[in-house]
Amino acid sequence: MTDCIFCKIANHEIPSSIVYEDDVVIAFLDLSQVTKGHTLLVPKKHVADIFEYDEELAKEVFSRIPKIARAIERSSDDILGLNILNNNRSIAYQSVFHSHIHFLPRYEDSDSDGFGLKWKTHEGKYSQEELAKVVAAIKESLEE
């Protein structure tokens with residue numbers, strides 16, 4: 001893809017702050033730095049989102065997550081935790097349509113103005129019958 005910014009970074013056509021690279025992936029600091037050390041892990045092969053991964057690419061990309069996560073954690077004694085996020089499609093806040101995984105180091109509860117996750121429970125909102133239909137639909141849709 002000729003106008004994809006992440007393809008350009010992977011091909012070293014534009015500068016970036018690379019923290020890791022091999023034949024399959026490249027990891028670099030996100031320009032936004034939502035928290036200090038905010039890093040992106042990007043497959044070099046252009047895939048728009050998780051729905052375009054084949055099994056082999058998924059194994060190769062996702063197997064690198066622990067390595068990058070541990071390196072980020074060890075990079076500073078101030079890091080207390082880490083959020084790992086993967087947004088897929090605009091409804092899920094994907095803004096660059098080349099698959100990427102965010103690593104957001106966490107330093108304290110208030111370390112990132114403008115960043116947060118909200119987990120509101122909807123327990124009891126759906127009947128057991130509705131949930132059984134959801135389970136059946138997902139199981140039926142699983143690919144071998």
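**Figure 1. The whole chain at a glance.** Of the 144 residues of the protein, 34% count as buried. Please keep in mind that this is a predicted model. The C-alpha trace spans about 50 × 40 × 25 Å along its principal axes. Four helices and five strands make up the secondary structure, and from the N terminus on they follow the order α-β-β-β-α-α-β-β-α. Among the contacts with a separation of 6 or more, 51% join residues that are 24 or more positions apart. The accessible surface comes to about 10100 Å², and carbon and sulfur atoms contribute 53% of that surface. As for charge, there are 16 positive and 25 negative side chains, and the centres of the two sets lie 2 Å apart.

**Figure 2. An edge-to-face ring pair, Phe-6 with Phe-28.** The structure holds two aromatic pairs, and this view shows one of them. A pair of aromatic rings is described by the distance of the centres and the angle of the planes. For Phe-6 and Phe-28 the centres are 5.6 Å apart and the planes stand at 70°; angles over 60 degrees count as edge-to-face, so this pair is edge-to-face. Phe-6 belongs to helix α1 (residues 5-10) and Phe-28 to strand β2 (residues 25-29), so the pair ties together parts that are 22 residues apart in sequence. Both Phe-6 and Phe-28 are buried.

**Figure 3. A tilted ring pair, Tyr-53 with Phe-62.** Here the ring centres lie 5.7 Å apart and the planes meet at 55°, so the pair of Tyr-53 and Phe-62 is tilted. How do the two partners fare for accessibility? Tyr-53 has 11% relative accessibility, so Tyr-53 counts as buried. Phe-62, with a relative accessible area of 32%, is partly exposed.

**Figure 4. Glu-60 in helix α2.** Glu-60 has its place in helix α2 (residues 55-62). With a relative accessible area of 27%, Glu-60 is partly exposed. For a sense of scale, follow the chain from Glu-60 to Leu-131: these residues are 71 residues apart along the chain, and their C-alpha atoms are separated by 33 Å.

**Figure 5. His-100 and its surroundings.** The unreviewed UniProt entry places the feature "active site" at His-100; this annotation may be inferred rather than shown by experiment. His-100 sits in the loop between β4 (81-85) and β5 (101-106). Is His-100 buried or exposed? Its relative accessible area is 6%, so His-100 is buried. Setting aside neighbours within four places in sequence, the residues in contact with His-100 are Phe-6, Leu-40, Leu-41, Val-42, Leu-85, Asn-86 and Gln-94. Readers coming from Figure 2 will recognise Phe-6 in that list, where Phe-6 was the ring partner of Phe-28.

**Figure 6. Positive phi values at Arg-89 and Tyr-93.** Which backbone angles deserve a look in the loop between β4 and β5? Arg-89 lies in this loop, and its phi is near 80°, a positive value in a residue other than glycine. Tyr-93 is found in the loop between β4 and β5 too, and has a positive phi of about 75° although Tyr-93 is not a glycine. As for the side of accessibility, Arg-89 is partly exposed, with a relative accessible area of 43%. Tyr-93 has 71% relative accessibility and counts as exposed.

Conventions. Residues are numbered from 1 along each chain as its sequence is written. Side-chain values use heavy atoms; hydrogens and water are left out. Rings of Phe, Tyr and Trp (its six-membered ring) pair if their centres lie within 6.5 Å; planes under 30 degrees apart count as stacked, over 60 as edge-to-face and the rest as tilted. Helices (H or I, at least four residues) and strands (E, at least two) are DSSP runs, numbered from the N terminus. Buried means under 20% relative accessible area, exposed over 50%, partly exposed in between (1.4 Å probe, protein chains only). Contact means heavy atoms within 4.5 Å. Accessible areas come from the Shrake-Rupley method with a 1.4 Å probe; for residues, only the protein chains shown count as cover. Lys and Arg count as positive and Asp and Glu as negative; His and the chain ends are not counted. The place of a charge is taken as NZ of Lys, CZ of Arg, CG of Asp or CD of Glu.
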